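User: I would like to learn how to read local features in a model like this one. Please give the general idea each time, then the case at hand.

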Amino acid sequence: MLIVREACEKDIDTVYDLIIAIARHHDQAHCVVTDKSELLKSGFSETPLFGVLLAEIDGEVAGYASYTWNYSIWLGASYMNIDDVFVWESFRGQKVGEALMQKARSVCQVKGVNRMKWEVEQDNLQAIKFYERLGASVDIKGVCRWSVN
């Protein structure tokens with residue numbers, strides 16, 4: 001049975017492992033600078049800065065989605081920013097990604113938020129097709145990053 005639930009403090013090892021897994025999947029493990037202590041402090045305090053949804057099939061973690069809340073001055077409203085969506089290879093094709101996205105949608109609805117945004121690599125055609133099947137529109141834009149340290 002497939003369920004999706006909010007992660008809690010006791011899931012920190014799993015959450016960290018999933019973050020490393022998606023970074024490796026994208027050949028970007030060297031970019032992960034956070035650690036479990038930071039994740040606990042930032043995501044599982046009284047005022048969490050992010051949320052994590054865990055998908056489980058028969059009690060085994062199959063994947064996750066992480067998110068933050070942002071504000072759009074054009075909308076005049078908050079929106080959910082999906083940071084990562086990742087499904088272990090052995091669970092792909094079992095609607096885990098769809099369940100994660102539908103749960104994220106439900107979290108938005110409960111909070112009265114009516115928009116979700118996320119990034120996808122332009123050459124990740126399989127993911128783009130998946131997101132469009134969910135009803136999302138895909139805008140091709142560049143992402144700018146500027147380290148100001």
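Analyst: Asp-27 lies in the loop between α1 and α2. Helices here are DSSP runs of H or I with at least four residues, strands are runs of E with at least two, and both are numbered from the N terminus. The model is predicted, so local features need pLDDT of at least 70 and side-chain atom pairs count only at pLDDT 80 or more, while totals for chains, interfaces and linings use all residues. Residues are numbered from 1 along each chain as its sequence is written, and side-chain values use heavy atoms, with hydrogens and water left out.

User: What is the phi of Asp-27?

Analyst: Most residues other than glycine have a negative phi, and most peptide bonds are trans. Asp-27 has a phi near 55 degrees, a positive value in a residue other than glycine. The residue comes just after α1. Asp-27 counts as exposed, at 66% relative accessibility; the classes are buried under 20% relative accessible area, exposed over 50% and partly exposed in between, with a 1.4 Å probe and protein chains only.

User: Where does Asp-58 lie, and what is its phi?

Analyst: Asp-58 is in the loop between β2 and β3. Its phi is near 50 degrees, again a positive value in a residue other than glycine. Asp-58 is exposed, with a relative accessible area of 63%.

User: How many residues does helix α1 have, and what distance does it reach?

Analyst: The expected span of a helix is 1.5 Å times one less than its number of residues. Helix α1 covers residues 12-25, which is 14 residues, and reaches 20 Å from its first C-alpha to its last, close to the 20 Å expected.

User: Which residues of α1 are buried, and what do they pack against?

Analyst: The buried residues are Ile-12, Val-15, Leu-18, Ile-19, Ile-20, Ala-21, Ile-22 and Ala-23. Contact means heavy atoms within 4.5 Å. The buried residues of α1 pack against α2 (36-43) and three strands: β2 (51-57), β3 (60-72) and β4 (77-87).

User: How many salt bridges does a search of the whole structure find?

Analyst: Side chains of opposite charge can pair when their charged atoms come close. The criterion is a side-chain nitrogen of Lys or Arg within 4 Å of a carboxyl oxygen of Asp or Glu. The search finds seven salt bridges.

User: Which parts does the pair of Asp-13 and Lys-36 tie together?

Analyst: The side chains of Asp-13 and Lys-36 meet in a salt bridge at 3.0 Å, N to O. Asp-13 lies in helix α1 and Lys-36 in helix α2, so the pair ties together parts that are 23 residues apart in sequence. Asp-13 is partly exposed, with a relative accessible area of 42%, and Lys-36 is partly exposed at 33%.

User: In which helix do Glu-38 and Lys-41 lie?

Analyst: Both lie in helix α2, three residues apart, about one turn of the helix. Their side chains form a salt bridge at 3.2 Å, N to O. Glu-38 is partly exposed at 32% relative accessibility, whereas Lys-41 is exposed at 56%. Elsewhere, salt bridges that share partners join Arg-5, Lys-10, Asp-11 and Glu-56 into one network. Within that network, Arg-5 and Asp-11 meet at 2.8 Å, N to O. Asp-11 is buried, with a relative accessible area of 5%.

User: How many aromatic pairs does a search of the whole structure find?

Analyst: A pair of aromatic rings is described by the distance of the centres and the angle of the planes. Rings of Phe, Tyr and Trp (its six-membered ring) pair if their centres lie within 6.5 Å; planes under 30 degrees apart count as stacked, over 60 as edge-to-face and the rest as tilted. The search finds five aromatic pairs. One of them is edge-to-face and joins Tyr-67 and Trp-69, at 5.6 Å centre to centre with 75 degrees between the planes. Tyr-67 is buried at 7% relative accessibility, and Trp-69 is partly exposed at 30%. Phe-86 and Trp-88 also form an edge-to-face pair, at 5.3 Å centre to centre and 80 degrees between the planes. Here Phe-86 is buried at 6%, and Trp-88 is partly exposed at 32%.

User: Which residues form one aromatic cluster?

Analyst: Trp-118, Phe-130 and Tyr-131 do.
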